[in-house]
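Dear colleague,

Please find below the structure I am handing over to you. My notes on it follow, for your use at the bench.

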Amino acid sequence: MPVPLPSERLEALHSALLAWFARYARDLPWRRTRDPYRILVSEIMLQQTQVERVIPKYHAFLAAFPTLERLAGAPTAEVIRLWAGLGYNRRAVNLQRTARTVVEEHGGDFPREVATLRRLPGVGPYTAGAVACFAFEQDVAFLDTNIRRVLRRVCIGPDDVAGAVRDRELLALGAALVPPGRGWAWNQALIELGALVCTAASPACPRCPLRPDCRAYAARAAADEALVGAMAAGVHPPAARRIAERPSEPYAGSRRWYRGRAIDALRALSPGSALLLAELGLRLKPDYGPADEPWLRGLVADLDRDGLLVFENERVRLP
Ligand code: SF4
């Protein structure tokens with residue numbers, strides 16, 4: 001079980017990170033609002049997409065659907081069309097399902113509690129925590145990729161050690177760190193530090209405000225000292241260790257890639273139009289033939305089940 005940081009260091013840790021955030025934070029549009037609908041849209045978009053790509057899509061989406069009610073009442077095909085360029089189209093369908101649930105079951109008022117937010121379609125622990133914190137300014141802890149990495153390094157140690165600690169334990173450590181009344185800034189700051197300084201491949205420790213309390217940094221500094229000592233004694237140094245980036249999966253040609261191409265093909269049609277199954281096949285694979293049909297039917301059935309398209313009478317269209 002990981003050991004919490006000593007309580008006497010907490011105040012210094014809070015001051016250091018919050019001061020760094022106040023000075024270096026990017027001015028992002030979703031940081032200027034506390035509207036839970038806008039926060040939800042940004043959080044869903046940011047889940048799999050980089051900030052620079054999200055910003056124009058965020059503005060375009062909110063221009064088309066400025067309120068929860070407008071999104072809830074829109075044709076799903078329109079929502080999927082607006083999602084073009086963001087990938088993981090299922091997020092668009094889930095976002096609209098959430099909007100419809102809030103309108104139909106909560107009278108259009110967003111739930112404030114994490115447990116209630118969790119019951120909304122497609123809302124996982126991260127999104128529920130993010131909406132509770134970034135819209136309603138609750139002092140809650142939650143984990144996304146950036147927060148997880150920063151907390152692991154600061155509270156536990158180097159990546160190879162920290163990787164063994166489970167999220168439940170990490171979340172408990174993270175909850176103990178949230179400064180009362182400053183949860184919004186604290187969680188934004190952790191995300192920002194993970195994006196700008198404590199990155200996965202090359203953490204910029206020399207300019208990190210958390211360095212004095214970071215266990216990963218302390219371990220690395222101790223290892224470096226040992227290395228310098230060994231070299232001074234004439235011992236052949238071990239190969240430098242690097243923080244390895246996970247090899248990325250081949251994407252083109254994967255099932256996810258074909259799912260995206262299928263939705264792109266339907267988006268390109270005029271509203272209400274449909275494609276015959278074989279026509280869709282030819283748009284996905286120039287050499288599409290009868291042998292590919294079972295594969296295509298499986299792909300289309302999955303997308304239909306996810307609410308991303310409708311397959312009826314051997315024709316495929318957006319919902
Ligand atoms: S000191 Fe380095 S490893 Fe630790 S939180 Fe900062 S950037 Fe990350």
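**Domains and findings**

The domain assignment of the protein chain gives domain 1 (7-26 + 142-221), domain 2 (35-134) and domain 3 (255-317); such bounds come from an automatic or database domain assignment. The centres of domain 1 and domain 3, taken over C-alpha atoms, are separated by 44 Å.

Two points on conventions apply throughout. Residues are numbered from 1 along each chain as its sequence is written. The model is predicted: local features need pLDDT of at least 70 and side-chain atom pairs count only at pLDDT 80 or more, while totals for chains, interfaces and linings use all residues.

The largest nonpolar core (a set of buried Ala, Val, Leu, Ile, Met, Phe, Trp, Tyr and Cys residues joined through C-beta atoms within 7 Å) has 49 residues, of which V41 and V131 touch the most other members. Helix α2 gives the most to this core, with 7 residues. Domain 2 (35-134) and domain 3 (255-317) both contribute residues, so the core lies between them. Leaving aside neighbours within four places in sequence, V131 is in contact (C-beta atoms, placed from the backbone, within 7 Å) with P36, I39, L40, E43 and L117. A second, separate core of 23 residues includes V154, L190, C208 and L210.

C208 is also among the residues closest to the ligand, together with C198, P203, C205 and C214; 14 residues surround the ligand, counted where the C-beta atom, placed from the backbone, lies within 6 Å of it. Helices α9 (145-156) and α13 (215-232) are the elements that give two or more residues to this shell, and α9 gives the most, with 3 residues. By class, the shell divides into 12 nonpolar, no polar and 2 charged residues; Ala, Val, Leu, Ile, Met, Phe, Trp, Tyr, Cys and Pro count as nonpolar, Asp, Glu, Lys and Arg as charged, and the others, Gly among them, as polar.

P206 lies in the loop between α12 (183-196) and α13. P206 is exposed, with 8 other C-beta atoms within 10 Å; a residue is exposed if 12 or fewer such atoms lie within 10 Å of its own, buried if 20 or more, and partly exposed in between, with C-beta atoms placed from the backbone.

In helix α6 (residues 90-106), A92, V93, L95, Q96, T98, A99 and V102 are buried. Their cover includes α2 (36-46), α4 (68-73) and α5 (76-82). Helices here are DSSP runs (H or I, at least four residues), numbered from the N terminus. Just after α6, G107 takes a positive phi of about 60°.

With kind regards

Conventions. The expected span of a helix is 1.5 Å times one less than its number of residues. Two residues are in contact if their C-beta atoms, placed from the backbone, lie within 7 Å.
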